[in-house]
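Biologist: I would like to learn how to read a model like this one. Could you take me through it step by step?

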Amino acid sequence: MKLVRHFAMGTAVAAVVAGWSGAASAQEVLTAWFTKGFYKGEDDALLAVVDKFQKATGVKVELSLYATEDCVTKSVGAVDAGTPPDVGFCTTYDFRTTGKWAYDGKLEDVSDVLEPLKSELQPMALSTTFLMNGKTGKKSYYAFPVEQQMMHITYWKDMLEEAGFKEADIPKTWNGYWDFWCDKVQGSLRAKGKRIYGIGHPMGIAASDTFYSFLTFANAYNAKVVDENGKIVLDQPENKKAMVEAVKSYANIFQRGCTPPSSVNWLDPDNNVAFHNRTTVATHNATISIAGKHMDDMNNASLTAEQRAQAKKNYEDNIRTAEFPLKADGSKMTNLAAVKTAVIFADAKNKKRAKEFMAFFMKDENLRPFVEGSAGRWVPTTLKAIEAPFWSDGKDPHRAVVYKQYKDGTVPFQFVYNYNFTTVNAENVWAKAVNRVVQDKIPAEQAVDEMIARIKQIAGS
Amino acid sequence: MSTAAMTAPISAPREDKSGFTRDRAVWGAIMLAPYVLVFAVMVVYPVAYGLWLGLNWNSYRALFADPIFIRTVVNTIIFLFVAVNLKFLIALLLSGFFVQQRAWIRIVLVLFILPWAVPSIPTILSFRVMLNPENGMVNQQLFQWFGVMEGPGWLTDPTLAFVCSIFVHIWKSLPFWTLILITGRLAIAQDLYEAASVDGANRWQQFRFITWPSLATLYVTSTMLSMIWTLGDFNSVYLLTGGGPGDLNHVLATLGIRYMRNNNLDLGIASIIVAMPLILPMVFVMVKRLSKGAEA
C-alpha cells in the first residue's frame with residue numbers, strides 16, 4: 001500500500017513538473033546580449049525597459065550582460081556559428097563589426113522600425129546605420145543608433161595653476177595649444193623638479209583611443225581618407241599632404257618628450273590611469289569617463305567622507321573637460337562621433353519580437369534613462385534627449401562642454417562609408433605610421449606612403 | 001611436452017592465416033579503442049582542423065603582403081638564435097657551479113629554480129611593471145638616486161624592448177636547462193676527473209676532454225628541444241611588450257594572436273603554420289636522435 005502511495009505521489013509530482021515546464025517552454029522568448037554598463041544606473045535603466053516590455057507583451061526577455069571585449073567576441077563567434085541572439089548591443093560593434101555584418105548579409109533590415117523614428121533622431125547618428133548590403137548591392141538601415149561618443153580634452157586645473165598658468169592662458173590655435181602643454185606647462189613643472197608630462201597622448205597599436213585621437217588630428221588638418229561612396233581619396237595630393245602634417249603633429253608630441261614614454265604601449269585605460277595618477281596634466285579621451293570616475297567616487301558610499309569630498313572637489317573644481325583647439329587652418333574643429341549600434345541578426349530566431357523590442361527600447365522615455373544612466377559617458381542620439389536638462393542646463397561643468405561639442409556638429413568615422421575601415425582601425429595603420437616615424441625615424445612622407453599602400457590592400461582602391 | 005603440443009592452437013577452429021586468433025584481435029582492438037579515440041579527438045582532429053583552416057592560399061598572400069610579417073620573421077630568427085645559444089652557454093657555466101656538493105650552493109640552487117617553478121603570467125607582468133619607464137621601480141630608482149629624469153625606455157625603445165624580451169625568456173627557462181645539464185654532469189663518473197687530476201690536467205682540460213664529450217649529446221638534443229619551445233614562446237614577448245612598441249617586436253608566436261584579436265582567424269592560423277617548415281625538421285631530427293639514444 002505504501003508503495004502504491006509513493007508511486008501515486010511520484011506520478012503527481014512528475015505531472016506537475018511536466019505541466020510547469022510545458023507552460024514555461026510555451027512562453028515566447030527573446031534573447032538579447034548587451035554590454036554591461038560602467039555604472040549601475042545604466043544596467044538598472046536597461047532592466048527597467050526589459051521589465052516593462054515583458055509586462056506589455058508577455059514575452060520573456062533573456063538578457064545577458066557581457067564585459068565590453070567579451071560582448072563582441074562572443075557575438076562574432078555566435079554569428080559565425082549561425083546561432084546569434086535576437087538582439088545585440090555591444091559598444092564596440094560600430095568599431096568592429098556592424099558594417100561588415102551588414103555587408104555580409106548577417107543583419108536584418110530594420111528600416112520598417114527606423115523610418116517612423118527618423119524625425120526624432122540626430123541625422124548624423126542615423127546616417128551611420130544606413131549601410132551597404134553586399135548581397136543585395138543596396139544600402140538600407142541595418143542598425144539602431146543607440147548612443148554616441150566624442151573626443152574631448154581633459155586637464156587638471158590645479159596642476160595647471162601649480163605650473164603658474166590660468167585657464168585663460170590656454171591658446172586656441174592648433175600648434176600654440178600643444179606647445180603650451182608641452183613647453184610651458186611641462187617645462188614649468190619640470191623646472192620645479194617634478195617628473196610630470198604635459199599630455200597623455202595614446203600611441204599604442206592595440207588602443208582604440210589611439211586611432212580615435214589620431215583621426216581627430218587628421219581632421220584638424222582636413223585629411224580626407226574616403227568619400228561618401230567609400231572610395232579612398234587619401235592618395236589625392238592635398239589629402240596626402242594633410243595626412244603627412246597630421247602624422248608629424250601627432251608624432252611630435254612624443255618626440256619632444258611631452259607624453260609618458262610608456263604611451264607607445266598604452267591600452268585604452270592607460271591614459272585614464274596616468275591622468276588619475278597625476279602623471280599627466282592633460283589628455284584627450286573619447287567620452288568624459290575620466291571626470292565620470294570622480295563623480296562615481298563622490299557618490300560611492302564605500303569610500304570615506306574625505307575621499308568622497310576630494311572626488312567631489314576633483315569633479316567640480318579640479319578637473320576640466322574642454323574642446324579641441326581650432327584646426328590648423330584656424331577653422332572650427334570637427335567632432336568625430338562614434339555611434340554605438342544595436343542590431344537584429346538575420347539568423348535570429350525571433351526577429352518579429354526583436355523588432356518590437358527595439359522599437360520599444362528606442363522610445364525616448366526608455367532610451368533616455370539608459371543613456372543618462374551612463375552619467376554622461378554616452379551622448380544621446382535623439383534630438384529630444386540631448387535637449388533634456390541633464391545635458392542642456394549647463395549646471396554640470398563636463399556635460400555642458402559635451403553639449404556644446406554636440407551642437408557644433410559631428411562627423412562619422414570612415415567605416416560607415418567603407419566597412420573595411422574597421423579592419424584598418426583594428427590593425428591601426430595610423431598608429432603604425434606614427435610609430436614608424438617615432439621609432440624607426442623614417443620621414444613622415446614615407447610613413448604615409450606605407451599607410452596608403454596598406455589601406456589600399458585592406459580596403460580596396 | 002611435445003613440440004606438437006606446444007604449438008597447438010588454443011582454439012583451433014578460430015585460427016587465421018597469420019596465427020592470431022580472432023578473439024585476441026578483437027580484444028586488442030577493444031583495448032586500443034579508447035586510446036585511439038582520445039588520440040583522434042585530442043591530437044588528430046585539432047591538428048587536422050588547424051591545417052584545414054590553414055589551406056586558404058589567400059591568407060598566405062595577405063600574410064606576406066602585411067609589412068609586419070617579414071619583420072616578425074626576422075625578429076623570430078634573431079630571438080631564436082640569441083635566446084637559445086645564450087641560454088645554453090649560461091646554463092652550461094651555471095651547471096658547473098651548481099654541481100658542486102656544498103650546502104650553501106644547494107640553497108642558492110633552490111632560489112635559482114624559483115623563476116622556472118612559478119607561473120609565467122605574474123612573474124613576467126611584474127617585470128613589465130618594474131620596467132615601466134615612468135612608474136617602474138628601475139627608472140624610479142634611477143630618478144631618486146641619480147636624478148635621471150628620463151631613464152632608459154626599457155619597453156618603449158624597440159631594441160631595448162626586444163633585448164628585455166630575450167632576457168625574460170632566458171631568465172624564465174634558464175633554471176630548467178641548467179638542471180638538465182646538472183643531471184648530465186652528475187652522470188659523469190668521478191673516476192675520470194680523479195684520473196685526469198692525477199695526470200695533471202687543469203680545469204679547462206678536464207672540461208674539454210671529459211665534461212664536454214660526455215655532455216655533448218645531451219647539450220645538442222636539449223638545444224633542439226629548446227629551439228622548438230622557444231619558437232612557441234608566447235608569454236615572454238606578449239606579456240612584456242604585447243609585441244610593441246608599434247607592433248615592431250612581434251615574433252611568430254605572438255603575431256597569430258594579433259590577427260585573431262583583429263577577428264582575422266585565417267591570418268592567425270597562417271602565421272602559425274608558416275613556422276612548420278622550421279619546426280618539422282627539428283622534430284624529425286629530435287625524434288631520430290632520441291630513438292638512437294633509446295636503442296643504445
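Biologist: Let me start with the two chains: how many residues of chain A are in contact with chain B, and how many of chain B with chain A?

Modeller: Keep in mind that this is a predicted model. In it, 25 residues of chain A are in contact with 28 residues of chain B.

Biologist: And how much area do chain A and chain B bury between them?

Modeller: The size of an interface is often given as the accessible area lost when the parts come together. Here the two chains bury about 2200 Å², with 46% of that on carbon and sulfur atoms.

Biologist: Which charged pairs should I look for across the interface?

Modeller: Side chains of opposite charge can pair when their charged atoms come close. Four salt bridges cross between chain A and chain B. One salt bridge joins Arg454(A) to Asp66(B), with 3.5 Å between the closest N and O atoms. Counting polar contacts between the chains gives nine residue pairs.

Biologist: Which elements of chain A give two or more residues to the side that touches chain B?

Modeller: They are α20 (421-427), α21 (429-439) and α22 (444-459) of chain A. The largest share, four residues, comes from α21(A). Sorted by class, that side of chain A has eight nonpolar, eight polar and nine charged residues.

Biologist: What about salt bridges over the whole structure: how many are there?

Modeller: The search finds 42 over all chains. Take Asp94(A) and Lys340(A), whose side chains meet in a salt bridge at 3.0 Å, N to O. Asp94(A) belongs to helix α4 (residues 93-96) and Lys340(A) to strand β12 (residues 338-344), so this pair ties together parts of chain A that are 246 residues apart in sequence.

Biologist: Now a helix. What span should α8 of chain B have, and what do its ends show?

Modeller: Use 1.5 Å a residue: the 29 residues of α8 (residues 158-186) of chain B should span 42 Å, and the end C-alpha atoms are 41 Å apart, which agrees. Still, look along the helix: α8(B) bends by about 45° at Ser173(B), and Pro175(B) follows within four residues. At the start of α8(B), a side-chain oxygen of Asp157(B) comes to within 3.1 Å of the backbone nitrogen of Thr159(B).

Biologist: Where should I check the backbone itself?

Modeller: Try two loops. Gly244(B) and Pro245(B) are joined by a cis peptide bond, with omega about 0°; Pro245(B) sits in the loop between α11 (235-241) and α12 (252-261) of chain B. Ala375(A) has a positive phi of about 60° although it is not a glycine, and this residue is in the loop between α16 (364-372) and β13 (379-380) of chain A.

Notes: Residues are numbered from 1 along each chain as its sequence is written. Chains are lettered from A and ligands numbered from 1 in the order in which they are written. This is a predicted model: local features need pLDDT of at least 70, side-chain atom pairs count only at pLDDT 80 or more; totals for chains, interfaces and linings use all residues. Side-chain values use heavy atoms; hydrogens and water are left out. Contact means heavy atoms within 4.5 Å. Buried area is the accessible area (1.4 Å probe) that two parts lose on being put together, summed over both. A polar contact is a pair of N or O atoms within 3.5 Å; within protein, one must be able to donate a hydrogen and the other to accept it, and residues adjacent in sequence count only if both atoms are side-chain atoms. Ala, Val, Leu, Ile, Met, Phe, Trp, Tyr, Cys and Pro count as nonpolar, Asp, Glu, Lys and Arg as charged, and the others, Gly among them, as polar. The expected span of a helix is 1.5 Å times one less than its number of residues. The bend at a residue is the angle between axes fitted to the seven residues ending there and the seven starting there.
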